[in-house]
Amino acid sequence: MRTLTDISTQPGNHADTTARETLDGQIKGASPLARETGVARPRGIAGTSQAHESAVKHVTGRAAYIDDLKAPADTLHVALGLSPVAHGNLNRLDLAALRAQPGVVDVIGFNDVPGHTDIGPVFPGDPIFVEREISYLGQVMFAVAADSQRAAREAVAAAWREGIVDIEELAPSLDPVAAAERGDFVRPTHVQESGDWQQALANSRHVVEGEQFVGGQEHFYLEGQACLVQPTEDEGVIVHTSNQHPSETQKLVAEVLGIPFHAVTVEMRRMGGGFGGKETQASPWACIAALIARRTGRAARVNLPRADDMRATGKRHPFHNRYRLGVDDQGVIQGGEITVIGDCGYSPDLSDAIVDRAMFHSDNAYSLGLARVTGHRARTHTASNTAFRGFGGPQGMMVIEAAMDDIARQIGEDPLTVRKRNLYREGREITHYGQTVDQRQLLHDLITQLETSSEYWARREVITEFNARNPIIRRGLALTPVKFGISFTAKHLNQAGALLHVYTDGSVMINHGGTEMGQGLHTKICQVVARELSLDVEGVRITATRTDKVPNTSPTAASSGADLNGQAARDACVKLKARLFDFASEEYALDREGMRMEAGYLVAGEGESERRIPWGELVQAAYIGRISLSEKGFYATPLIHYDRNTGQGRPFYYYAFGAAVAEVSVDTLSGEYQVDRVDILHDVGDSLNPAIDLGQVEGGFIQGMGWMTSEELKWNEAGRLISDGPATYKIPTYGDLPPVFNVNLMEGHPNSMASIYRSKAVGEPPFMLGMAVWSALRDALASLADYREAPRLDTPATPERVLMAAEVLREARELRHPGKDGE
């Protein structure tokens, strides 16, 4: 540690030396001395590119995840007994026989839960263990705690081998469309309606209709579901969990144990990926481990094997969509109806809000005119499907993007022309749920700019000529936009808190309710604090998200992490600054008016009367003056509201925009294809961190492309997930990157709403850019029908599905032009 003498002899430290001499003698032994801040412009503040705060730890392996945490030597390992059938009744479960297995310390089932047995996050329907009815293959029936992981797993295997469990198997319901037809829903159907859509259809020159299946998606986070729970000296527990919603886990653990919320502390430093899969479905494992910890007085660890993880947890909702739209001769939508059926699995989980968001986004960037949108929430005997990046929005957008291609083929125009004609504009600026689309011109400008930079029309000519000469390999091109609403659709979740500490050496600690899953949220929050206090970002440190620091927090989801928690952190800084300014005005006899922080100094006055007080001196003086150096912040998103009774309101604070151009080559004899080039332009307002935002756009697109093309979930007739690992479930790899991948952020267009520094959310919107690849595949296939027909192409658009679509078009062409197929 440097001494006063060390600091005072450094060049350029005269002002700080004087300040320290004034304080010397008053503060000896009271606290550490403040570090010199320096006079350079602060480094790494919000609005500039800054490396991820844990980047070095990530690449060197020093970043601690749940399985890296040191635990007591007597920690118990938990294995789960998962149902081997999709539907049935549990007739007998002999836990006493399981307890006699070698190495087993405890076994628990439904009757061993002292508190709540239903851990549904919003609505009831999620029992922690099976009591009687089995609702999906992979549902938790019991948990075994043993001295080793091997002993726990071998005990579970013995349960099936030795007949400890007796199940009456019943026929499962696996078809969501059939479930919807018979009214088997996890939540009531919802309708949004804007005007007389039936009359609009009747008066339209053309009617375009179609249906599609949109597949689900496995989260496939690198770090699986994991937690470590330790009992405390009272009746409580400390929960370390890979989790997007610590406060909800705190609540559920407390309710399961039958103890107050304050007896449960949940801590979460980082996740190895989440994508929505750890918003609600990380809680069950924490509840089970907490039960074991309290019963045995020993720490308990759960770490699901990949196959168990994939069977036991929900996915992105598969959707079945239908549309019937009336258009004029220019292809402009006049009105119509859209129906979306979400496959929700066996329980509500978050399906009410997810299907709502699919309905909200069934327009994407286009005016539907007079329209009715209906959303069904079908029940099936599969794991309860849950949040996934986009939260239903991507599945809803697929409806209208399919319609855009279909309209273009029917009226003989390029799909981009039809898309541009249908964009929200003056006179057509209100959505089917009653919200006015702001920054409409930005949407138009963004598409025009990308259209030019990607040379869309020149490439279209080249591709059309290429396809005319090549009977086998066909190329496709598509530009698809994205308009994504930012806010939780559940209004009460749009709030956040933060806790700010300034220590007497001048260093700053910030804590907030958001969670870090690799997306750079903690980095951005540190940058916000650095900007507000005008310090180098290195002077700001963030701590693990903990429920005993910032309580009652919302999940890190809905792309809202930086928006909400950034504003809460800023609020804490603003209040602390105001208190420091009031103190400085009195302590140093300075004019309070115009006081500000600049590059590590409190600055008052102008010109010759300017006075600059170093941050270190200010902090020390405030401490000596008994001024609090800690502050809490809070933020609640304004203006948003939605009336479910009328299906109208303003559910989103603002919209984020983007667009992508994708070019593909398709072998129409095998269905194999490759993505040749992608150009992306994305709107993030005034970016908080351009480097991180670019990474989010790139990663979101690739994940979206995987959902559209290769990530196929397959269940057998018995309801067993057979794509349960990397050998059978294909996520994109480095080799799937397009050879030409141009990604840019839209510059010079700050958010029109008062978001944090006029930035825009970037977590989810880029995911939907992947739809451009799917649309480009349809474009390539349409060339087989002389661009007169857009084939039905369900997703994921695997080579098998692409080949089948090509065969359908060839057969249709042969019927129209016998003997000319393949020319």
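In this predicted model, strands 21, 22 and 23 make up an open sheet in the order 21-22-23, with antiparallel pairing. Strands (E, at least two residues) and helices (H or I, at least four) are DSSP runs, numbered from the N terminus, and two strands pair if DSSP finds at least two bridges between them. Strand 21 (596-598) and strand 23 (611-614) sit at the edges with a single partner strand each, so each has one side without a neighbour in the sheet. On average, neighbouring strands here are turned by 35 degrees against each other, direction ignored. Three bridges hook strand 21 up to strand 22 (residues 601-604), and E598 stands opposite Y601.

Helix 18 (residues 615-624) packs on this sheet, touching strand 21, strand 22 and strand 23, and its direction makes about 75 degrees with that of strand 23. Contact means heavy atoms within 4.5 Å; axes are lines fitted to C-alpha atoms, for helices over the stretch in contact, with angles from 0 to 180 degrees between N-to-C directions.

Over in helix 15 (residues 456-469), Y456, R459, R460, I463, F466 and N467 are buried (under 20% relative accessible area, 1.4 Å probe, protein chains only; exposed is over 50%). They span an arc of only 130 degrees around the axis, which puts them on the same side of helix 15, the arc being that of the directions from the axis to the C-beta atoms. Exposed E461, A468 and R469 are on the face turned away from that buried side.

Residues are numbered from 1 along each chain as its sequence is written. Local features need pLDDT of at least 70, side-chain atom pairs count only at pLDDT 80 or more, totals for chains, interfaces and linings use all residues, and side-chain values use heavy atoms, leaving out hydrogens and water.
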